[in-house]
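Visitor: I am new to protein structures, and I would like to know what the words for them really mean. Could you show me one and let me ask about it?

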Amino acid sequence: MCGIVAAVAAGGDVRAAVLAGLKTLEYRGYDSAGMAVLHDGAIQVRRKMGKIAALEEELARDELPPSSLAVAHTRWATHGAPADRNAHPHRDDRDEVVVVHNGIIENYVELRERLAAEGHVFSTETDTEVLANLVGARMRELGDLHAAVRAALEEVEGAYALVAMAVSEPGTLVAARMDSPLVLGVGKDGRYAASDMPALLGLTRDFVVLENHETAVLHADSHVVHGPDGAPLERGVTRCDWTPEQAERGGFPHFMLKEIHEQPDVLARTAFDRCRDTEGDVDFEDDFGLDDEALRSLKRLRFMAMGTSLHAAMLGQRLLAELARLPGETLNASEFLYSPPLDEGDALTVVVSQSGETADSLRALREVKERGGRVLGICNVRGSSLAREADHLVLTHCGPEVGVASTKAFFGQVVALYLLAIRIGRARGVLDVARGQQLLHDLRALRHQLEGLFKEEALAPVRAAADYLAGVRSCLFLGRALGHPVALEGALKLKEVSYIHAEGYPAGEMKHGPIALIDADFPVVAICTPGRVRAKMVSNLQEVRARGGKVIAVAAEGDTEVAAAADFLLPVPEVPELLAPLVDSVPLQLLAYETALRLGRDIDQPRNLAKSVTVE
Ligand code: F6R
């Protein structure tokens with residue numbers, strides 16, 4: 001939700017670097033964008049509704065002057081409709097201070113009324129303009145930007161990541177963070193701030209993470225992080241192992257397609273170094289922090305996440321029950337807050353999040369900890385809030401995910417959860433060495449099997465199904481057991497990128513209501529790969545066909561029975577049942593992609609969405 005980039009350099013011009021960083025943050029919001037620089041003692045701002053390309057056009061038409069100090073923003077509207085005037089950066093009414101902000105100032109109406117009564121004039125409907133005026137007012141009282149930001153934030157309720165600059169301090173940026181992500185970049189020639197690390201990879205790979213309630217003062221050759229009481233803190237630099245190339249499209253027409261194709265590598269990076277093949281066990285890094293004894297003492301698991309990560313979490317619950325015989329439940333993280341605060345006992349909560357910054361998941365994590373529970377984070381971003389705040393951590397190694405619709409991150413999460421299930425199953429004595437060896441062997445073999453999904457024999461049927469699906473308005477995705485979360489995820493992918501209405505259901509539920517929807521224009525996408533539930537799925541297909549419904553089935557190559565019952569068959573290699581979600585989800589991702597392509601949708605940045613939902 002909104003992306004921020006800011007830079008202060010020793011001489012030179014930071015405009016191009018800031019704009020390049022902003023482009024990598026476009027996935028966080030793309031309603032409008034803007035940039036401000038300080039030049040000759042004055043703040044200059046350019047802002048434009050629409051994507052960053054519109055801002056670039058505006059900058060080509062009406063250039064900003066070169067500057068060694070700049071802040072920029074890409075917006076996902078919360079307060080105030082997407083419009084030029086509501087785009088960031090926002091100035092105070094005397095043009096002395098400029099602010100970029102990600103988050104929500106909850107008491108902005110009250111602050112606005114107070115400031116208006118003091119004579120401040122507002123030209124937008126945004127909470128950020130209120131913040132800029134508040135900082136401006138405190139600046140005049142205190143004469144120091146850092147002190148002014150700190151004083152202003154004492155009056156603010158809500159979430160923010162912000163960067164401010166002031167006419168009276170031409171070499172200074174002040175950054176602050178509360179519940180919205182912000183990292184500081186430490187470069188040879190300057191200091192930077194951004195909503196995530198990939199935005200700054202073109203400038204540096206050395207980062208300082210800002211925690212909640214902290215502020216930072218950046219100059220071209222120094223940075224100081226201040227704690228909640230304003231005192232300077234010692235804070236080390238973290239080196240990021242992502243490369244700038246990983247955040248580029250690399251010849252693919254869309255990030256989504258590139259990221260779908262990266263999944264075999266995600267498998268290798270997330271799993272293979274952790275496999276102890278001879279012992280049939282798994283080794284996580286030190287930040288996992290749970291030894292055999294701790295794993296043996298677990299009585300129950302709780303999985304929480306949002307969106308696609310929730311579907312991975314549902315699979316995690318089933319894998320853990322299967323391989324470690326641990327009971328568990330999966331909750332939508334946003335609902336957890338409303339559950340009665342029961343004793344956490346010997347439970348472990350697993351919070352799954354690609355970004356590690358999803359507000360609902362973080363709120364749930366904090367609530368668990370307040371209730372005395374422990375949290376294991378499964379996360380793709382080192383240094384993110386989840387990675388820092390969880391008691392235990394397993395990182396997925398997916399590389400930066402840029403496409404707004406999550407694909408490879410889901411894949412990496414399921415791989416990590418499979419490893420976790422083996423690790424806990426072994427520690428609890430549920431799995432013996434031979435079974436552990438077999439499970440790891442199956443996982444390694446998958447890499448090669450996945451490659452088949454990208455060959456023409458597999459892609460042609462997906463394209464044919466997409467030709468058909470692009471003409472329908474609604475459809476149902478059905479699966480049973482491990483196929484159920486896969487169906488939910490398939491439906492979510494399709495609706496996100498194609499805007500076709502799609503619902504995922506457990507196939508057993510079909511006859512309890514959804515079957516009423518089925519007719520010649522209402523197709524069903526069904527997961528029919530080998531395993532305990534395949535025969536029942538085939539019966540469901542017959543029931544759909546009997547009512548004139550069209551069927552798209554994901555099934556093993558050469559499954560003639562499913563082929564006979566389906567209008568379109570999306571073939572996948574036959575793999576062990578527990579790994580089927582990893583192969584079954586790939587043709588569904590490609591189906592969503594190909595359908596959206598036919599409909600001319602904005603695949604990497606679907607309307608209304610933002611990749612990292614940092615407000616509740
Ligand atoms: C869907 C999608 C979202 C995210 C959800 C959670 O394609 O990307 O549903 O999965 O917003 O995000 P993370 O995993 O970052 O917590």
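Guide: Here are some questions and answers about the ligand, the pockets, the cavities and the backbone of this structure.

Guide: This is a predicted model, in which local features need pLDDT of at least 70 and side-chain atom pairs count only at pLDDT 80 or more, while totals for chains, interfaces and linings use all residues. Residues are numbered from 1 along each chain as its sequence is written, and side-chain values use heavy atoms, with hydrogens and water left out.

Visitor: What makes a residue count as near the ligand?

Guide: One of the residue's heavy atoms must lie within 4 Å of the ligand. There are 13 residues around the ligand, and S309, S353, Q354, S355 and T358 come nearest. By class, this shell has three nonpolar, eight polar and two charged residues. Here Ala, Val, Leu, Ile, Met, Phe, Trp, Tyr, Cys and Pro count as nonpolar, Asp, Glu, Lys and Arg as charged, and the others, Gly among them, as polar.

Visitor: Why is the pair formed by the ligand and the side chain of S309 called a polar contact?

Guide: A polar contact is a pair of N or O atoms within 3.5 Å; within protein, one must be able to donate a hydrogen and the other to accept it, and residues adjacent in sequence count only if both atoms are side-chain atoms. An oxygen atom of the ligand is 2.5 Å from an N or O atom in the side chain of S309, so the pair qualifies. An oxygen atom of the ligand also lies 2.7 Å from a polar side-chain atom of E496, and one is 3.1 Å from a polar backbone atom of T308.

Visitor: Where does the ligand sit?

Guide: The ligand sits in the second largest pocket, which means that more than half of its atoms lie within 2 Å of the pocket's grid points. On a 1 Å grid over the protein atoms alone, a pocket is an open set of points with protein on both sides within 12 Å along at least five of seven lines, whereas a cavity is a set where a 1.4 Å probe fits but cannot get out; lining residues have an atom within 4 Å of a point. The second largest pocket holds about 430 Å³ of space. Its lining has 20 residues, with M306, G307, T308, K611 and V613 nearest its centre.

Visitor: Which element gives the most to that lining?

Guide: That is α9, with three residues. Helices (H or I, at least four residues) and strands (E, at least two) are DSSP runs, numbered from the N terminus.

Visitor: How many cavities of 30 Å³ or more are there?

Guide: The count comes to six. The largest cavity has a volume of about 280 Å³, where grid points are joined across faces, edges and corners, and a volume is the space filled by probe spheres set on the points. Among its 25 lining residues, Y27, D196, M197, P198 and V381 are the closest to its centre.

Visitor: What makes D40 and the bond between H88 and P89 worth pointing out?

Guide: Most residues other than glycine have a negative phi, and most peptide bonds are trans. D40 is not a glycine, yet has a positive phi of about 50 degrees; D40 lies in the loop between β2 and β3. A cis peptide bond joins H88 and P89, with omega about -5 degrees, and P89 is found in the loop between β4 and β5.
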